[in-house]
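Dear colleague,

Please find below the structure that I am handing over to you, with its sequence. My account of what was found in it follows directly after.

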Amino acid sequence: MIPRPKPERFRLRRTMMFMNAQKPGLFKDAYIYGCDSIMLDLEDAVAENQKDAARFSLYHALKTIDYGDTEVIVRINGLDTPHWQEDIRVCVAAGADGIRIAKCESAEDVRTVEKATEEAEKEFGVEVGRTLLMAALESPKGIINAYEICSASPRMFGVAISGGDFRKCMQTVPQPDGVDMLYARGQMLVAARAAGIQCFDTVFTNLDDEEGFQAEVLQNKAMGFDGKSLINPKQIRFVHEVYAPTEKEVIQAEKIVRAVRENADKGLGVFTVDGKMIDIAFLPSAERTLRLARAYGMYEGDLV
(Lines give C-alpha, C1' and ligand atoms only; values in the text may rest on other atoms or scores of the structure.)
Protein backbone atom coordinates (compact mmCIF):
# COMPACT_ATOMS: atom_id res chain seq x y z
CA MET A 1 0.00 0.00 0.00
CA ILE A 2 1.29 3.48 -0.92
CA PRO A 3 0.54 6.04 1.84
CA ARG A 4 -0.23 9.50 0.52
CA PRO A 5 0.97 12.64 2.33
CA LYS A 6 -1.58 15.00 3.81
CA PRO A 7 -3.01 17.22 1.05
CA GLU A 8 -2.16 20.92 0.90
CA ARG A 9 -5.13 23.28 0.73
CA PHE A 10 -3.00 25.86 -1.05
CA ARG A 11 -0.55 24.46 -3.56
CA LEU A 12 0.40 24.90 -7.20
CA ARG A 13 -2.52 23.87 -9.43
CA ARG A 14 -1.84 25.19 -12.92
CA THR A 15 -3.05 22.06 -14.68
CA MET A 16 -5.79 19.62 -13.66
CA MET A 17 -6.10 16.75 -16.16
CA PHE A 18 -9.26 14.65 -16.41
CA MET A 19 -8.99 10.87 -16.67
CA ASN A 20 -11.60 8.12 -16.78
CA ALA A 21 -11.51 6.24 -13.47
CA GLN A 22 -12.87 3.20 -15.30
CA LYS A 23 -9.63 2.77 -17.30
CA PRO A 24 -6.61 2.15 -15.04
CA GLY A 25 -4.42 1.62 -18.08
CA LEU A 26 -4.82 5.33 -18.83
CA PHE A 27 -4.26 6.81 -15.40
CA LYS A 28 -1.82 4.41 -13.75
CA ASP A 29 1.16 6.39 -15.08
CA ALA A 30 -0.53 9.79 -15.15
CA TYR A 31 2.13 11.38 -12.94
CA ILE A 32 4.72 11.11 -15.72
CA TYR A 33 2.95 13.80 -17.74
CA GLY A 34 3.90 16.51 -15.26
CA CYS A 35 0.47 18.00 -14.56
CA ASP A 36 -0.06 19.42 -11.08
CA SER A 37 -3.28 17.48 -10.44
CA ILE A 38 -5.15 14.62 -12.03
CA MET A 39 -8.93 14.42 -11.92
CA LEU A 40 -10.15 10.82 -11.82
CA ASP A 41 -13.70 10.94 -13.15
CA LEU A 42 -16.44 8.73 -11.71
CA GLU A 43 -19.19 10.86 -13.24
CA ASP A 44 -19.78 11.58 -16.94
CA ALA A 45 -16.90 9.47 -18.25
CA VAL A 46 -18.28 6.28 -16.66
CA ALA A 47 -21.32 4.44 -18.02
CA GLU A 48 -24.20 3.92 -15.60
CA ASN A 49 -23.66 0.16 -15.41
CA GLN A 50 -19.89 0.55 -14.83
CA LYS A 51 -19.89 2.72 -11.69
CA ASP A 52 -18.93 -0.13 -9.35
CA ALA A 53 -16.12 -1.27 -11.65
CA ALA A 54 -14.77 2.29 -11.85
CA ARG A 55 -14.75 2.63 -8.07
CA PHE A 56 -12.93 -0.69 -7.79
CA SER A 57 -10.27 0.46 -10.26
CA LEU A 58 -9.87 3.82 -8.54
CA TYR A 59 -9.49 2.31 -5.07
CA HIS A 60 -6.81 -0.16 -6.07
CA ALA A 61 -4.93 2.40 -8.16
CA LEU A 62 -4.64 4.85 -5.28
CA LYS A 63 -3.64 2.07 -2.91
CA THR A 64 -0.87 0.69 -5.13
CA ILE A 65 0.47 3.50 -7.36
CA ASP A 66 2.89 6.16 -6.13
CA TYR A 67 1.74 9.40 -7.74
CA GLY A 68 4.54 11.35 -6.08
CA ASP A 69 3.88 15.08 -5.97
CA THR A 70 0.92 14.82 -8.36
CA GLU A 71 -2.31 15.64 -6.56
CA VAL A 72 -5.19 13.19 -7.03
CA ILE A 73 -8.75 14.57 -7.04
CA VAL A 74 -11.88 12.53 -7.77
CA ARG A 75 -15.01 13.87 -9.46
CA ILE A 76 -17.93 12.11 -7.81
CA ASN A 77 -21.39 11.62 -9.26
CA GLY A 78 -24.03 14.28 -8.70
CA LEU A 79 -26.05 14.48 -5.50
CA ASP A 80 -29.17 13.71 -7.54
CA THR A 81 -27.84 10.21 -8.32
CA PRO A 82 -27.68 7.02 -6.20
CA HIS A 83 -23.89 6.86 -6.57
CA TRP A 84 -22.36 9.81 -4.74
CA GLN A 85 -22.30 8.40 -1.21
CA GLU A 86 -20.42 5.26 -2.22
CA ASP A 87 -18.12 7.43 -4.36
CA ILE A 88 -17.18 9.41 -1.26
CA ARG A 89 -16.54 6.28 0.83
CA VAL A 90 -14.20 4.92 -1.83
CA CYS A 91 -12.38 8.26 -2.22
CA VAL A 92 -11.73 8.53 1.49
CA ALA A 93 -10.82 4.87 2.00
CA ALA A 94 -8.38 5.00 -0.91
CA GLY A 95 -6.73 8.20 0.30
CA ALA A 96 -7.70 10.61 -2.49
CA ASP A 97 -6.44 14.13 -1.86
CA GLY A 98 -9.76 15.74 -2.65
CA ILE A 99 -13.29 15.41 -3.98
CA ARG A 100 -14.86 17.47 -6.76
CA ILE A 101 -18.58 18.08 -6.24
CA ALA A 102 -20.29 17.80 -9.61
CA LYS A 103 -23.13 20.17 -10.55
CA CYS A 104 -22.86 22.08 -7.28
CA GLU A 105 -25.59 24.70 -6.90
CA SER A 106 -25.65 25.69 -3.24
CA ALA A 107 -23.75 25.86 0.02
CA GLU A 108 -26.03 23.07 1.24
CA ASP A 109 -24.62 20.79 -1.48
CA VAL A 110 -21.14 21.44 -0.10
CA ARG A 111 -22.21 20.80 3.47
CA THR A 112 -23.92 17.55 2.44
CA VAL A 113 -20.70 16.27 0.88
CA GLU A 114 -18.66 17.60 3.81
CA LYS A 115 -20.80 15.63 6.28
CA ALA A 116 -20.57 12.41 4.25
CA THR A 117 -16.81 12.89 3.90
CA GLU A 118 -16.33 13.30 7.64
CA GLU A 119 -18.44 10.21 8.31
CA ALA A 120 -16.28 8.25 5.85
CA GLU A 121 -13.06 9.51 7.45
CA LYS A 122 -14.27 8.26 10.84
CA GLU A 123 -15.39 4.96 9.33
CA PHE A 124 -12.02 4.22 7.72
CA GLY A 125 -9.76 5.69 10.40
CA VAL A 126 -8.66 8.65 8.29
CA GLU A 127 -7.70 11.92 9.99
CA VAL A 128 -10.84 14.06 10.13
CA GLY A 129 -10.44 17.03 7.81
CA ARG A 130 -7.80 15.39 5.62
CA THR A 131 -9.95 15.13 2.48
CA LEU A 132 -10.26 18.44 0.63
CA LEU A 133 -13.24 19.61 -1.40
CA MET A 134 -13.79 21.63 -4.55
CA ALA A 135 -16.98 22.47 -6.42
CA ALA A 136 -17.87 22.47 -10.10
CA LEU A 137 -20.31 25.20 -11.10
CA GLU A 138 -22.28 24.01 -14.10
CA SER A 139 -25.50 26.01 -14.07
CA PRO A 140 -26.75 29.61 -13.73
CA LYS A 141 -27.89 28.81 -10.18
CA GLY A 142 -24.38 27.65 -9.30
CA ILE A 143 -22.88 30.89 -10.63
CA ILE A 144 -25.43 33.03 -8.77
CA ASN A 145 -24.60 31.21 -5.51
CA ALA A 146 -20.86 31.14 -6.15
CA TYR A 147 -19.70 33.00 -3.04
CA GLU A 148 -21.89 30.94 -0.68
CA ILE A 149 -20.53 27.78 -2.29
CA CYS A 150 -16.90 28.94 -2.13
CA SER A 151 -17.16 29.82 1.57
CA ALA A 152 -19.31 26.88 2.69
CA SER A 153 -16.56 24.76 4.24
CA PRO A 154 -12.97 25.07 5.50
CA ARG A 155 -12.24 22.00 3.38
CA MET A 156 -12.89 23.96 0.18
CA PHE A 157 -9.71 24.65 -1.78
CA GLY A 158 -11.14 25.65 -5.13
CA VAL A 159 -13.97 26.07 -7.56
CA ALA A 160 -14.19 25.39 -11.28
CA ILE A 161 -16.62 26.11 -14.07
CA SER A 162 -17.85 23.37 -16.38
CA GLY A 163 -18.26 24.92 -19.81
CA GLY A 164 -20.24 22.18 -21.52
CA ASP A 165 -23.17 22.04 -19.12
CA PHE A 166 -23.14 25.78 -18.45
CA ARG A 167 -23.30 26.64 -22.14
CA LYS A 168 -26.22 24.25 -22.59
CA CYS A 169 -28.08 26.01 -19.79
CA MET A 170 -27.36 29.39 -21.39
CA GLN A 171 -28.34 28.16 -24.88
CA THR A 172 -25.01 29.14 -26.40
CA VAL A 173 -21.86 27.58 -27.89
CA PRO A 174 -18.14 28.37 -27.54
CA GLN A 175 -17.15 31.71 -29.04
CA PRO A 176 -13.60 32.60 -30.18
CA ASP A 177 -13.41 35.58 -27.83
CA GLY A 178 -14.94 33.75 -24.86
CA VAL A 179 -17.87 36.17 -24.60
CA ASP A 180 -20.26 33.24 -24.10
CA MET A 181 -18.83 32.62 -20.61
CA LEU A 182 -17.18 35.91 -19.75
CA TYR A 183 -19.71 36.94 -17.10
CA ALA A 184 -19.82 33.50 -15.47
CA ARG A 185 -16.03 33.25 -15.34
CA GLY A 186 -15.77 36.72 -13.82
CA GLN A 187 -18.50 36.07 -11.26
CA MET A 188 -16.86 32.83 -10.16
CA LEU A 189 -13.41 34.42 -9.95
CA VAL A 190 -14.66 37.27 -7.77
CA ALA A 191 -16.45 34.81 -5.48
CA ALA A 192 -13.39 32.59 -5.18
CA ARG A 193 -11.10 35.49 -4.37
CA ALA A 194 -13.58 36.86 -1.82
CA ALA A 195 -13.68 33.45 -0.13
CA GLY A 196 -9.90 33.01 -0.33
CA ILE A 197 -9.86 29.86 -2.46
CA GLN A 198 -8.48 28.96 -5.88
CA CYS A 199 -10.31 29.12 -9.21
CA PHE A 200 -9.99 26.97 -12.34
CA ASP A 201 -11.29 27.30 -15.88
CA THR A 202 -13.09 24.66 -17.91
CA VAL A 203 -11.59 22.20 -20.39
CA PHE A 204 -10.98 23.09 -24.04
CA THR A 205 -12.30 20.09 -25.91
CA ASN A 206 -11.27 20.76 -29.53
CA LEU A 207 -7.81 19.20 -29.65
CA ASP A 208 -7.41 20.21 -33.30
CA ASP A 209 -7.81 23.92 -32.53
CA GLU A 210 -4.43 24.69 -30.99
CA GLU A 211 -4.77 28.42 -31.71
CA GLY A 212 -8.12 28.57 -29.94
CA PHE A 213 -6.76 26.66 -26.94
CA GLN A 214 -3.79 28.97 -26.59
CA ALA A 215 -5.99 32.06 -26.84
CA GLU A 216 -8.24 30.72 -24.08
CA VAL A 217 -5.30 29.93 -21.79
CA LEU A 218 -3.91 33.44 -22.27
CA GLN A 219 -7.33 34.87 -21.44
CA ASN A 220 -7.52 32.66 -18.34
CA LYS A 221 -4.17 33.95 -17.13
CA ALA A 222 -5.14 37.55 -17.83
CA MET A 223 -8.40 37.17 -15.89
CA GLY A 224 -6.63 35.73 -12.85
CA PHE A 225 -7.41 32.01 -12.91
CA ASP A 226 -5.11 29.78 -10.89
CA GLY A 227 -5.13 27.12 -13.56
CA LYS A 228 -7.02 25.20 -16.22
CA SER A 229 -8.76 21.86 -16.53
CA LEU A 230 -7.37 19.70 -19.35
CA ILE A 231 -8.30 16.57 -21.28
CA ASN A 232 -5.00 15.71 -22.98
CA PRO A 233 -1.34 15.63 -21.86
CA LYS A 234 -0.26 17.64 -24.90
CA GLN A 235 -2.08 20.67 -23.43
CA ILE A 236 0.03 20.74 -20.26
CA ARG A 237 3.21 22.32 -21.60
CA PHE A 238 1.62 25.48 -22.98
CA VAL A 239 -0.33 26.16 -19.79
CA HIS A 240 2.82 25.83 -17.73
CA GLU A 241 4.68 28.15 -20.10
CA VAL A 242 1.97 30.80 -19.81
CA TYR A 243 1.90 30.66 -16.02
CA ALA A 244 5.68 30.87 -15.63
CA PRO A 245 6.75 34.13 -13.91
CA THR A 246 9.36 36.34 -15.51
CA GLU A 247 12.73 36.91 -13.87
CA LYS A 248 11.69 40.50 -13.15
CA GLU A 249 8.50 39.33 -11.42
CA VAL A 250 10.43 36.89 -9.26
CA ILE A 251 12.92 39.53 -8.14
CA GLN A 252 10.11 41.97 -7.34
CA ALA A 253 8.13 39.33 -5.45
CA GLU A 254 11.15 38.46 -3.33
CA LYS A 255 11.64 42.14 -2.47
CA ILE A 256 7.98 42.50 -1.50
CA VAL A 257 7.87 39.42 0.72
CA ARG A 258 11.08 40.39 2.46
CA ALA A 259 9.94 44.01 2.93
CA VAL A 260 6.50 43.03 4.27
CA ARG A 261 8.03 40.77 6.89
CA GLU A 262 10.76 43.17 7.92
CA ASN A 263 8.37 46.10 8.23
CA ALA A 264 5.79 44.02 10.09
CA ASP A 265 8.43 43.43 12.77
CA LYS A 266 8.82 47.21 12.98
CA GLY A 267 5.07 47.76 13.25
CA LEU A 268 4.82 49.41 9.82
CA GLY A 269 1.84 48.59 7.59
CA VAL A 270 2.65 50.77 4.59
CA PHE A 271 6.07 51.31 3.03
CA THR A 272 7.83 51.59 -0.33
CA VAL A 273 9.60 49.03 -2.52
CA ASP A 274 11.51 50.47 -5.48
CA GLY A 275 9.59 53.72 -5.07
CA LYS A 276 6.12 52.11 -5.04
CA MET A 277 3.71 52.06 -2.12
CA ILE A 278 3.31 48.53 -0.71
CA ASP A 279 1.18 47.06 2.09
CA ILE A 280 0.19 43.63 3.41
CA ALA A 281 -2.32 43.14 0.60
CA PHE A 282 0.57 42.59 -1.83
CA LEU A 283 1.90 39.61 0.15
CA PRO A 284 -0.30 36.71 -1.10
CA SER A 285 0.38 37.52 -4.75
CA ALA A 286 4.12 37.88 -4.15
CA GLU A 287 4.26 34.58 -2.26
CA ARG A 288 2.36 32.84 -5.06
CA THR A 289 4.87 34.19 -7.58
CA LEU A 290 7.71 32.71 -5.53
CA ARG A 291 5.92 29.36 -5.29
CA LEU A 292 5.50 29.39 -9.05
CA ALA A 293 9.14 30.33 -9.47
CA ARG A 294 10.21 27.44 -7.25
CA ALA A 295 8.18 25.01 -9.39
CA TYR A 296 10.02 26.25 -12.47
CA GLY A 297 13.43 26.05 -10.78
CA MET A 298 13.74 29.83 -10.78
CA TYR A 299 13.79 30.35 -7.00
CA GLU A 300 15.71 28.52 -4.29
CA GLY A 301 15.23 30.96 -1.42
CA ASP A 302 13.54 30.34 1.92
CA LEU A 303 10.78 32.98 1.87
CA VAL A 304 8.10 30.42 0.87
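**Pockets**

The element that contributes most to the lining of the largest pocket is α12, with 10 residues. Please note that the model is a predicted one. Helices α11 (247-265) and α12 (283-295) each provide at least two residues of that lining. In total, 45 residues line the largest pocket, and R11, L12, R288, R291 and L292 are those that lie nearest its centre. The space in this pocket comes to about 1,300 Å³. By character, its lining consists of 19 nonpolar, eight polar and 18 charged residues.

The second largest pocket holds about 610 Å³ of space. It is lined by 30 residues, with R167, T202, V203, F204 and T205 the closest to its centre. Two or more lining residues come from each of α7 (163-170) and α9, and α7 gives the most, with five residues. Here the lining divides into eight nonpolar, 11 polar and 11 charged residues.

**Helix α3 and its surroundings**

Helix α3 (residues 84-94) is largely enclosed by the rest of the structure, because eight of its 11 residues are buried. The buried residues are W84, D87, I88, V90, C91, V92, A93 and A94. They pack against α2 (51-64), β3 (71-75), β4 (98-101) and α4 (107-123). Directly after the helix comes G95, which has a positive phi, near 90 degrees.

Within helix α4, you may wish to look at T117. This residue has a relative accessible area of 0% and is therefore buried. Apart from neighbours within four places in sequence, the contacts of T117 are I88, V92, I99, T131, L133 and R155. Two of these residues, I88 and V92, also appear among the buried residues of α3.

**Salt bridges**

The count of salt bridges in the model is 26. Three pairs that link distant parts of the chain are set out here, followed by a network.

In one of them, the side chains of R14 and D36 meet at 2.9 Å, N to O. R14 belongs to the segment before β1 (15-20), whereas D36 lies in the loop between α1 (24-27) and β2 (37-41), and the two are 22 residues apart. Both R14 and D36 are buried.

Another salt bridge joins D97 to R130, at 3.8 Å from N to O. D97 is located in the loop between α3 and β4, and R130 in the loop between α4 and β5 (132-137), with their positions 33 residues apart in the chain. D97 and R130 are both buried.

A further salt bridge is formed by D226 and R193, whose closest N and O atoms are 2.9 Å apart. D226 sits in the loop between α9 (210-223) and β8 (227-230), while R193 is part of helix α8 (residues 182-195), 33 residues away in the chain. How do the partners fare in exposure: is D226 buried or exposed? Its relative accessibility is 6%, so D226 counts as buried. R193, by contrast, is at 42% relative accessibility and therefore counts as partly exposed.

Finally, a network of salt bridges links D41, E43, D44, R75, K103 and E138.

With kind regards

Terms used: Residues numbered from 1 in each chain as written. Predicted model: local features only at pLDDT ≥ 70, side-chain atom pairs only at ≥ 80, totals over all residues. Heavy atoms only, no water. Buried < 20%, exposed > 50% of the residue type's maximum accessible area, 1.4 Å probe, protein only. Helix = DSSP H or I, 4+ residues; strand = E, 2+ residues; numbered from the N terminus. Contact = heavy atoms within 4.5 Å. Salt bridge = Lys/Arg side-chain N within 4 Å of Asp/Glu carboxyl O. 1 Å grid on protein atoms, 1.4 Å probe; cavity = no way out; pocket = protein on both sides within 12 Å on 5 of 7 lines; lining within 4 Å. Points joined across faces, edges and corners; volume = space filled by probe spheres on them. Nonpolar A, V, L, I, M, F, W, Y, C, P; charged D, E, K, R; others polar.
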